[in-house]
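Biologist: Mind walking me through this one? I'd like to go helix first, then strands.

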Amino acid sequence: MKEVDYIVVGLGLAGMAFCEQLENHNKSYVVFDYSDGDTASRVAGGLYNPVILKRYTLPWMAAEQLDLASTYFKNLEIKLGVKIIYDLPVLKVLSSVEDQNNWFEASDKKGVSRFVNSDLYRKEYQYINAPFHYGEVKETGRIDISILLNTYCDYLEKTRKYVNKIFDYEALELKDESVKYDDIIAKRIVFSEGFGIKQNPFFSALPLVGNKGEYITIKAPNLKSNAAIKSSFFIIPLENDLYKVGATFNWKDKDTVPSQEAREELVQKLKKLISCEFEIVNHEAGVRPTTGDRRPLLGIHPKLPQLALLNGLGTRGIMMSPFLAKMLYNHLEEGKALMSEVDINRFPKKLN
């Protein structure tokens, strides 16, 4: 029998960030995760961007999240010895003079001004249709999530902290002040399984609705863009003339099977924005762990205090994960109150 401080279930961006909190505080743990490559974290474009480009406003706690995430991912690069951070400008295609004026107004707003360049970005890309130019977002970039998670899994396997296995909720034994699973006894278990929460009998009633997002990857040798271009979707440059294009939002389907409908939707939008030839070389789908009120789900089960949750990061897992993991750790280990916006106890009826 092995005794540890924590069992962590799920190793996407959220689970990894919580593992890093445990490592930083010398806590022992084991991770149970089973990934077939189509989790929301792995499918995501990897872009971090502190501005909501539909309304030119900031997401919840954007500056605090970004400041912490910047240090967090730099430390991971050093720790794992792998390149994962790529500086990448984000350019919003402005659709009209009115849109330009909205951009200028945003550049004067408190908080937003830090991340929005007040001057229009006027460089012309030959094959991108942008007659009203671009708005440039500052402090943006791309994280190579697949390489990061694969490398982190390797790191955990070498230290015997990773079990590649589907978690069997029925096999979890709850003790007075601990949990037992297989041959492991832990003081507490943290679930961070993304949309997999719907199979979790302890937290499945929480309003994590999820939405399916799909990306295509294209090869476009003539596009020559060195920035992420945002219209109603993103074109994210990778390397070797490859670009990730997306994503779609489907609130109905909850599977991870790429659909012809989404593929056609992205191709149609792409052809309106760019005029060069391209070839589709990949198509991926994942289900984002989104909530109805667009806030994450953190906290301790009110009746089963050995069980904790870190979930509901939606489309902003890169920025949110280190911020929320730190908050949850401080709540579990030091008794610090969670922010009411993210506390699962805002849904008391769902936890009874």
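Modeller: Happy to, and bear in mind that this is a predicted model. Let's start with helix α7, residues 317-334.

Biologist: How far does α7 reach from its first C-alpha to its last?

Modeller: α7 has 18 residues, and at 1.5 Å a residue the expected span is 26 Å. The model comes close to that expected figure. From first C-alpha to last, the helix reaches 24 Å.

Biologist: How many of α7's residues are buried?

Modeller: Buried here means under 20% relative accessible area. By that cut-off α7 is mostly covered, and the count is 15 of its 18 residues.

Biologist: And which residue just after α7 takes a positive phi?

Modeller: Look just past the end of the helix, where phi is about 70°. The residue with that positive phi is G335.

Biologist: How is helix α3 oriented relative to α7, and why does it get that label?

Modeller: The axes of α3 (residues 62-80) and α7 come within 8 Å and cross at roughly 90°. Angles of 65 to 115 degrees count as roughly perpendicular. So α3 relative to α7 is roughly perpendicular.

Biologist: Which residues of α7 make that contact?

Modeller: On the α3 side, the contact includes A62, L66, Y72 and F73. By class, the contact has 11 nonpolar, one polar and two charged residues. From α7 come I318, M319, M320, P322, F323 and K326.

Biologist: Over to the strands. In the open sheet of three strands, which are the edge strands?

Modeller: The order is β3-β7-β4, with antiparallel pairing. An edge strand pairs on one side only, and that fits β3 (47-48) and β4 (85-87).

Biologist: Which residue stands opposite Y48?

Modeller: β3 pairs with β7 (residues 141-143) in the antiparallel sense over two bridges. Opposite Y48, in β7, stands G141.

Biologist: Now strand β5, residues 90-93: are its residues buried or exposed?

Modeller: V90 and K92 point one way, while L91 and V93 point the other way. Whichever way they point, all of them are buried.

Biologist: Which strand runs parallel to β5?

Modeller: β6 (residues 134-137) is joined to β5 by four bridges, but that pair runs antiparallel, with V93 opposite Y134. Elsewhere, K92 of β5 stands opposite K230. Three bridges make up that second pairing, and the parallel partner, residues 228-230, is β13.

Notes: Residues numbered from 1 in each chain as written. Predicted model: local features only at pLDDT ≥ 70, side-chain atom pairs only at ≥ 80, totals over all residues. Heavy atoms only, no water. Expected span 1.5 Å × (residues − 1). Buried < 20%, exposed > 50% of the residue type's maximum accessible area, 1.4 Å probe, protein only. Pairing = 2+ DSSP bridges. Axes fitted to C-alpha atoms, helices over the stretch in contact; angles between N-to-C directions. Parallel < 35°, antiparallel > 145°, perpendicular 65-115°, else oblique. Contact = heavy atoms within 4.5 Å. Nonpolar A, V, L, I, M, F, W, Y, C, P; charged D, E, K, R; others polar.
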